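Open your viewer, pick a cartoon view, and keep the selection box handy. We will go stop by stop, choosing a few residues at a time and looking at what surrounds them.

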Amino acid sequence: MSSNIKITRICECCKNEFTARTTKTLYCSLKCSSKAYKKRARQAKIDKSNNETESGKKADFEAIKARDYIDVNMASNLVGISRRTIYRLIERGELDIAKLGRRTIIRRCDLESFFSIPLQESMLRPVQEFPGLENCYTIGQIQHKFGISAGALYMVIQRHGITKYSIGKFNYVAKKDIDIIFNAREK
C-alpha cells in the first residue's frame, strides 16, 4: 500500500539519503533491509550464546561456593586471581592445603580467612620516589661503566632490593645505590 506523501530519510544501513513513502520506512532498499535483518539475527545469536555462558559461569560459581573443599582452579575462580598466585601463597605458607595424590585441596574457609588477616607493615612500606634522570643510571650505562653482564646486574639489583624505575623504554636505577654496591666490591 502506497501513499502520496514523500519523506526524505537516511537509510539506517548504508546512511544514504532516500525518499520514503511511509513514516515507518528505515531502509532505502530490500538489500539494505536484508543486511540489517541478518545483522540483528546474528547479534541475537551472539547475545543468546553470551547469556548461556554467563549463566554457566554463575552456576559454576554457586557450585564452588557450596563446597567445603576446593582445588586450586576453583580457588582461583572464586577469588579472581591466577593459579600461580594461589601456588605462591601456598609456598609461602600463607594457605593451608591437603594433598591427595598429585591433587592440591584447599578448605574454602581457609581461603576466606586468609583475607581477614591484616597486612604486615613490610607490605605497606611506601614506594621510593624517582630521584630524577640526572641522579640515575640506565641499565646499559651500568653495564658499560662497571663491566657487568645484564643477567649478573639484574641478580645484584634483585639481591640488594634496589628499586628500578621504568620510564618509557628504559629502566633506571639510582646512582647512589649502584655506586655503593660496586665501590664496595672494588675495595
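Start with everything selected. Of the 187 residues of the protein chain, 24% count as buried. What you have on screen is a predicted model, and its chain has 7 helices and 8 strands. Switch on a surface if you like: the accessible surface of the protein chain comes to about 14,400 Å², and 52% of that belongs to carbon and sulfur atoms. For a sense of how the chain is connected through space, take the contacts between residues at least 6 apart in sequence: 39% of them join residues at least 24 apart.

**Stop 1: a loop with an unusual backbone angle**

Select K15, in the loop between β1 (7-10) and β2 (17-20). What is the phi of K15? The angle is positive, about 65 degrees, although K15 is not a glycine. This deserves a pause because most residues other than glycine have a negative phi. Is K15 buried or exposed? K15 counts as exposed, with 57% relative accessibility.

**Stop 2: helices α2 and α3**

Next, select residues 72-79 for helix α2 and residues 83-91 for helix α3. Packed helices can be described by the angle between their axes and the distance between the axes. Here the angle is about 110 degrees and the axes are 9 Å apart, so α2 and α3 are roughly perpendicular to each other. Now show side chains where the two helices meet: V72, N73, A75 and S76 come from α2, while R83, I86 and Y87 come from α3. By class, this contact of α2 with α3 has 4 nonpolar, 2 polar and 1 charged residues.

**Stop 3: charged pairs**

Stay with α3 for a moment and select R84 and E91. Side chains of opposite charge can pair when their charged atoms come close. The side chains of R84 and E91 meet in a salt bridge, at 3.5 Å from N to O. E91 counts as exposed at 57% relative accessibility, whereas R84 counts as partly exposed at 42%.

Move along to R92 and E94. These two form another salt bridge, with their closest N and O atoms 3.6 Å apart. E94 is partly exposed, with a relative accessible area of 30%.

Then jump to K176 and D177, whose side chains also meet in a salt bridge (3.6 Å, N to O). Which side of the burial cut-off is each partner on, buried or exposed? K176 is exposed, with a relative accessible area of 53%, but D177 is buried, at 18%. The structure holds 6 salt bridges, including the pairs you have just visited.

**Stop 4: helix α4**

Select residues 108-114, which make up helix α4, and pick out D110 within it. D110 counts as buried, with 14% relative accessibility. What is D110 in contact with, leaving aside its neighbours within four places in sequence? Show L95 and D96, and you have the answer.

C109 is found in α4 as well. C109 counts as partly exposed at 44% relative accessibility. Draw a C-alpha to C-alpha distance from C109 to Y69: these residues are 40 apart in sequence and 8.6 Å apart in space.

**Stop 5: helices α5 and α6**

For the last stop, select residues 139-146 for helix α5 and residues 150-159 for helix α6. These helices pack at an angle of about 105 degrees, with their axes 10 Å apart. That angle makes α5 roughly perpendicular to α6. Show I139, I142 and Q143 from α5 together with A150, L153, Y154 and I157 from α6, and you will see the residues that make the contact. They divide into 6 nonpolar, 1 polar and no charged.

Finish by centring on I139 in helix α5. I139 is buried, with a relative accessible area of 10%. Which residues does I139 touch, not counting those up to four places away in sequence? Light up L153, Y154, I157, N171 and V173. For a closing distance, pair I139 with Y154: they are 15 residues apart in sequence and 8.9 Å apart in space, C-alpha to C-alpha.

Key: Residues are numbered from 1 along each chain as its sequence is written. This is a predicted model: local features need pLDDT of at least 70, side-chain atom pairs count only at pLDDT 80 or more; totals for chains, interfaces and linings use all residues. Side-chain values use heavy atoms; hydrogens and water are left out. Helices (H or I, at least four residues) and strands (E, at least two) are DSSP runs, numbered from the N terminus. Buried means under 20% relative accessible area, exposed over 50%, partly exposed in between (1.4 Å probe, protein chains only). Contact means heavy atoms within 4.5 Å. Accessible areas come from the Shrake-Rupley method with a 1.4 Å probe; for residues, only the protein chains shown count as cover. A salt bridge is a side-chain nitrogen of Lys or Arg within 4 Å of a carboxyl oxygen of Asp or Glu. Axes are lines fitted to C-alpha atoms, for helices over the stretch in contact, and angles run from 0 to 180 degrees between N-to-C directions. Angles under 35 degrees count as roughly parallel, over 145 as roughly antiparallel, 65 to 115 as roughly perpendicular and the rest as oblique. Ala, Val, Leu, Ile, Met, Phe, Trp, Tyr, Cys and Pro count as nonpolar, Asp, Glu, Lys and Arg as charged, and the others, Gly among them, as polar.
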